[in-house]
Amino acid sequence: LVRFKGKTKGIEVYQPLCPHDQASDALRHELASHHRALELYWSKQWDEARSLFEQLHAQHPETEIYGLYLQRIAEIRERPLAEEWDGVYERRTK
């Protein structure tokens, strides 16, 4: 989820990979790990989320989203979160 500058609602952003029925077992395993890492991120379990994103990034360095979440976790740790944080990443520039 991303909230763009000047907007109040987060927008879901996706990257299509393949038709569901054509996903390999390896891709299904990777996506299960990715979803688990996201659950940890949204529940503010930063160390666990970072660890899983680091594993995913090491195994799949071509997949940019893992590095992106590692950057977001680093940013979050540098500044306090608003009490009403909803897990949405806020883009500060257009």
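Author: In what follows, helices (H or I, at least four residues) and strands (E, at least two) are DSSP runs numbered from the N terminus. The model is predicted, so local features are described only at a pLDDT (the predictor's confidence in each residue, from 0 to 100) of at least 70 and side-chain atom pairs only at 80 or more, while totals for chains, interfaces and linings use all residues. Residues are numbered from 1 along each chain as its sequence is written, and side-chain values use heavy atoms, with hydrogens and water left out.

Reader: Which element of the protein has the highest mean pLDDT?

Author: Taken over the protein, the mean pLDDT is 88, and 94% of the residues reach 70 or more. Among the elements, strand β2 (residues 89–90) has the lowest mean, 68, whereas the highest, 97, belongs to helix α2.

Reader: How far does α2 reach from its first C-alpha to its last?

Author: Helix α2 covers residues 46–59, 14 in number. The expected span of a helix is 1.5 Å times one less than its number of residues. For α2 this expectation is 20 Å, and the helix comes close to it, reaching 20 Å.

Reader: Within what arc do the buried residues of α2 fall?

Author: Residues are classed by relative accessible area, with buried meaning under 20%, exposed over 50% and partly exposed in between (1.4 Å probe, protein chains only). The buried residues of α2 are W46, A49, L52, F53 and L56. Seen down the axis, and taking the directions from that axis to the C-beta atoms, these residues line one face of the helix, because they fall within an arc of 140°.

Reader: Against which helices do the buried residues of α2 pack?

Author: On the other side of α2, A58 and Q59 are exposed. With contact taken as heavy atoms within 4.5 Å, the buried residues of the helix pack against α1 (25–42) and α3 (64–78).

Reader: Which helices each supply at least two residues of the largest nonpolar core?

Author: A nonpolar core is a set of buried Ala, Val, Leu, Ile, Met, Phe, Trp, Tyr and Cys residues joined through side-chain atoms within 4.5 Å. The largest such core has 15 residues, and those with the most contacts inside it are Y41, W46, A49, F53, L56 and I73. At least two residues of this core come from each of α1, α2 and α3.

Reader: Which residues does W46 touch, not counting those up to four places away in sequence?

Author: W46 is one of the buried residues of α2, and it is also among the core residues with the most contacts inside the core. Once residues up to four places away in sequence are set aside, W46 touches Y41, I73, I76, R77, L81 and W85.

Reader: Which residues of α3 are buried?

Author: Helix α3 has 15 residues and reaches 22 Å from its first C-alpha to its last, close to the 21 Å expected at 1.5 Å a residue. Its buried residues are Y66, G67, Y69, L70, R72, I73 and I76.

Reader: Is H60 buried or exposed?

Author: H60 lies in the loop between α2 and α3. Leaving aside its neighbours within four places in sequence, H60 is in contact with E30 and Y66. Its relative accessibility is 18%, and H60 therefore counts as buried.

Reader: How many salt bridges are there?

Author: A salt bridge is a side-chain nitrogen of Lys or Arg within 4 Å of a carboxyl oxygen of Asp or Glu. One of them joins the side chains of R36 and E39, at 3.4 Å from N to O, and these two residues are separated by about one helical turn because they are 3 residues apart in helix α1. By the rule above, the number of salt bridges comes to 4.

Reader: How many residues apart in sequence are the parts that R77 and D47 tie together?

Author: Both residues are partly exposed, R77 at 45% relative accessibility and D47 at 43%. Their side chains meet in a salt bridge, with N and O 2.4 Å apart. Since R77 lies in helix α3 and D47 in helix α2, the pair ties together parts of the chain whose separation in sequence, in residues, is 30.

Reader: Which residues do salt bridges that share partners join into one network?

Author: E54 forms a salt bridge with R50, the closest N and O atoms being 3.4 Å apart. Both lie in helix α2, 4 residues or about one turn apart. E54, at 39% relative accessibility, counts as partly exposed, and so does R50, at 31%. Through shared partners, salt bridges join into one network D47, R50, E54 and R77.
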